[in-house]
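Visitor: Could you walk me through this one? I'd like to start with how bends get defined.

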Amino acid sequence: MGVFQGIMIPFLGTVLGSACVLFVKDKLNLLVQRALTGFAAGVMTAASIWSLLIPAMEQSQSLGQWAFAPAVAGFWLGILFLLVLDRTVPHLHMNSSKAEGRASSLERQALLVLAVTLHNLPEGMAVGVVYAGWISGDAGITAMGALALSLGIAIQNFPEGAIISMPLGAEGVSRRKAFLYGALSGVVEPVGAGLTMVAAGLVVPLLPYLLSFAAGAMVYVVVEELIPEMSAGKHSNVGTVLFAAGFTIMMALDVALG
């Protein structure tokens with residue numbers, strides 16, 4: 001499979017999830033939404049470890065006992081980058097739909113679309129930097145390992161697409177427009193992947209930092225947004241169980257295909 005197809009797989013996951021609004025009339029059940037969010041959080045956490053942080057440290061083995069340093073530095077840069085975006089870009093946190101009482105329901109949904117779009121950026125960066133590592137041939141990353149990350153993120157993008165499009169449809173937005181808005185929230189992924197590949201290709205020694213940067217950004221999204229959402233209200237154990245399922249599936253994909 002080519003690089004272009006690989007970086008488009010996560011976007012396809014978002015598109016398929018958004019298509020749920022074309023076939024299902026009702027709102028997404030809160031319990032189902034919590035379960036899907038937990039699953040997505042598990043996938044992102046496992047991908048951050050096996051697909052990003054571990055390869056970053058493996059590429060820095062020449063530093064000996066300091067092989068962890070680029071991974072730590074890049075990880076914190078990713079955390080701080082998302083923290084700045086979280087503070088400066090207006091959006092709605094996934095677990096605060098009732099907290100924004102002044103905004104209309106459609107305004108809240110628009111802010112949620114922006115939030116998911118913002119969260120898709122580090123996922124696109126992660127795919128881009130992994131494929132850049134594979135292309136370089138010096139990063140110890142295989143084509144199947146890069147494909148595993150793309151598939152894992154596509155799996156967790158499916159519920160994100162549905163979480164956007166279905167509430168919009170329930171608010172009276174036409175199904176076609178709701179689908180389009182959901183699908184467009186994933187466009188940032190292939191764009192971010194392409195830009196990251198260019199940056200990594202120009203400066204191959206930065207790959208350990210870029211890998212861990214993407215990991216830090218993804219972990220920020222998991223802890224700040226997804227875990228609170230999956231744990232809200234009753235039956236929070238559903239989100240926890242699905243988190244474990246997503247984590248193990250992504251771990252198995254990465255080890256089996258990597």
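Guide: The bend at a residue is the angle between axes fitted to the seven residues ending there and the seven starting there. This is a predicted model, in which local features need pLDDT of at least 70 and side-chain atom pairs count only at pLDDT 80 or more, while totals for chains, interfaces and linings use all residues. Residues are numbered from 1 along each chain as its sequence is written, and side-chain values use heavy atoms, with hydrogens and water left out.

Visitor: OK, so where is the kink in α8 centred?

Guide: The kink in α8 is centred on valine 222 and comes to about 35°. Past the end of α8 comes glycine 233, which has a positive phi, near 75°.

Visitor: And how many helices and strands are there?

Guide: The chain has nine helices and zero strands, where helices (H or I, at least four residues) and strands (E, at least two) are DSSP runs numbered from the N terminus.

Visitor: What about burial: what share of the chain is buried?

Guide: Of its 258 residues, 50% count as buried, meaning under 20% relative accessible area with a 1.4 Å probe, protein chains only.

Visitor: Which residues touch the most other members of the largest nonpolar core?

Guide: They are Leu52, Val130, Tyr131, Leu149, Leu211 and Leu226, in a core of 42 residues; such a core is a set of buried Ala, Val, Leu, Ile, Met, Phe, Trp, Tyr and Cys residues joined through side-chain atoms within 4.5 Å. Another core, of nine residues, lies apart from it and includes Met166 and Val173.
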